[in-house]
Amino acid sequence: MHGPLAGVRVVELAGIGPGPFAAMLLADLGADVVRVDRPGGPGLGIDPAYDVTNRNKRSVVVDLKAPDGPDRVLDLAARADVLVEGYRPGVAERLGVGPGDCHARNPRLVYGRMTGWGQDGPLAPRAGHDIAYLAPTGALGMIGRPDEPPPVPANLLGDYAGGSLYLVVGVLAALHHARATGTGQVVDAAIVDGTAHLATMIHGMLAAGGWQDRRGTNLLDGGCPYYGTYETADGRYMAVGALEPQFYEEFLALLGIEDQSAARTDVTRWQDLREAVAARFKSRTRDEWTAVFDGTDACVAPVLSLREAPHHPHLAARGTFTDHDGITQPAPAPRFSATPTSVRSGPALPGADTADVAREWDVPGLLPASRNPQ
């Protein structure tokens with residue numbers, strides 16, 4: 001047992017971005033994920049040995065454009081519980097591995113489709129990447145200062161939060177349904193849908209008049225002086241989230257500006273409050289302020305870099321990061337009391353597991369003709 005999904009078989013048709021990350025989540029949870037790599041590797045060209053989104057998986061190489069390529073994938077799909085693909089709409093069908101082809105072989109299969117625009121709509125056939133999917137949802141436009149362009153949130157908000165996580169939720173829900181009814185289905189996970197859904201609470205606040213439809217003017221978007229980031233004397237930053245009254249009072253006391261207590265609910269004083277907070281943070285280094293706020297309920301934390309994060313005392317104590325084969329990486333999440341998860345293997349190298357998968361999944365067609373007993 002290596003997690004709650006032990007025994008679940010997943011076929012991942014290789015792609016980039018949210019599809020591989022979703023398949024990694026399933027693999028981290030214990031599923032037996034077989035990644036079907038294409039000859040020549042993925043388009044972005046990262047060294048497969050360092051692509052940790054392929055950890056806990058196994059890899060076979062299949063040329064879907066070869067005459068026998070689709071049949072090899074269909075043989076895997078016939079023995080799988082889940083298939084995940086991230087092609088543009090219609091591509092899997094043209095390759096002969098679309099939902100109809102797969103369900104003809106395995107009616108119980110959950111067929112997960114990961115795209116930016118979705119399977120239908122005027123933009124469905126168009127190319128795109130995370131930032132272009134974020135833009136029309138309103139999510140990108142609500143981030144950042146009002147007098148500056150919206151910042152680029154890496155590819156975390158669209159690809160992974162609005163994409164991968166929603167695909168995994170959909171796949172697990174459909175898997176539950178398939179096991180109860182014997183009927184599989186298609187899960188259409190679109191980054192635009194998931195990202196829009198992430199802002200559900202904000203839309204409610206907007207309708208109630210509690211959120212302005214412009215960035216940098218609201219409680220949670222940097223408009224509030226006690227919810228944001230501040231530069232320290234050494235050019236680093238502290239993050240402040242002292243929203244509730246008791247946390248705000250503790251924050252002011254530790255910062256040494258208790259006279260600003262009444263400014264919490266007086267928006268006309270927010271600019272003066274912001275300047276006072278900024279001046280105080282600029283008087284000491286990040287590490288000095290970290291020591292001041294350590295162990296308090298002021299809701300203040302240092303802004304760390306990627307290389308610093310694994311050494312944060314709390315994250316280190318919890319094992320939030322782990323090392324495997326010399327690569328420091330986030331440990332699987334969330335955590336389970338009865339079926340713990342772990343990083344069991346490093347990134348799957350293209351084609352390295354063909355023989356094992358052919359034997360264990362009983363798909364001899366994966367093997368080269370010289371090794372395939374007929």
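**Exercise 1. In which helix is the place of Leu-273? Work out its surroundings, too.**

Before starting, note that this is a predicted model, where local features need pLDDT of at least 70 and side-chain atom pairs count only at pLDDT 80 or more, while totals for chains, interfaces and linings use all residues. Residues are numbered from 1 along each chain as its sequence is written, and side-chain values use heavy atoms, with hydrogens and water left out.

*Step 1.* Leu-273 sits in helix 10, residues 270–281. Helices (H or I, at least four residues) and strands (E, at least two) are DSSP runs, numbered from the N terminus.

*Step 2.* Leu-273 counts as buried because its relative accessibility is 1%. Buried means under 20% relative accessible area, exposed over 50%, and partly exposed in between (1.4 Å probe, protein chains only).

*Step 3.* Leaving aside residues up to four places away in sequence, Leu-273 touches Pro-225, Tyr-226, Tyr-248, Leu-252, Ile-257, Gln-260 and Ala-263. Contact means heavy atoms within 4.5 Å.

*Step 4.* For scale, take Asn-106: 167 residues separate it from Leu-273 in sequence, and 63 Å separate them in space, C-alpha to C-alpha.

**Exercise 2. Describe the sheet that helix 10 lies across.**

*Step 1.* Start with the strand order: three strands form an open antiparallel sheet, 7-8-9. Its edges are strand 7 (227–231) and strand 9 (300–302), each pairing on one side only. Two strands pair if DSSP finds at least two bridges between them.

*Step 2.* From one strand to the next, the twist averages 20 degrees. Axes are lines fitted to C-alpha atoms, for helices over the stretch in contact, and angles run from 0 to 180 degrees between N-to-C directions.

*Step 3.* Strand 7 and strand 8 (residues 237–241) run antiparallel and are joined by five bridges. Here Glu-231 stands opposite Tyr-237 in strand 8.

*Step 4.* Now add the helices. Helix 10 lies across strands 7, 8 and 9, at about 40 degrees to strand 7. Helix 11 (residues 286–293) also packs on the sheet, touching strand 8 and strand 9, and its direction makes about 30 degrees with that of strand 8.

**Exercise 3. Trace the six-stranded sheet in the same way.**

*Step 1.* Its order is 3-2-1-4-5-6, in an open sheet with parallel pairing. Strand 3 (57–61) and strand 6 (185–190) are the edge strands.

*Step 2.* Strand 2 (residues 32–37) runs parallel to strand 3, with five bridges joining them. Asp-37 stands opposite Val-61 in strand 3.

*Step 3.* Helix 2 (residues 69–78) lies across strand 1 (9–13), strand 2, strand 3 and strand 4 (82–85), running at about 155 degrees to strand 1. Helix 7 (residues 191–198) touches strand 5 (110–115) and strand 6, and makes about 65 degrees with the direction of strand 6.

**Exercise 4. Which elements give two or more residues to the lining of the second largest pocket?**

*Step 1.* The space in this pocket is about 740 Å³. A pocket is an open set of points on a 1 Å grid over the protein atoms alone, with protein on both sides within 12 Å along at least five of seven lines; lining residues have an atom within 4 Å of a point. Grid points are joined across faces, edges and corners, and a volume is the space filled by probe spheres set on the points.

*Step 2.* Of the 28 lining residues, Arg-145, Asp-221, Gly-222, Thr-229 and Arg-274 are the closest to the centre of the second largest pocket.

*Step 3.* The elements asked for are strand 7 and helix 10.

Definitions and conventions. On a 1 Å grid over the protein atoms alone, a cavity is a set of points where a 1.4 Å probe fits but cannot get out, and a pocket is an open set with protein on both sides within 12 Å along at least five of seven lines; lining residues have an atom within 4 Å of a point.
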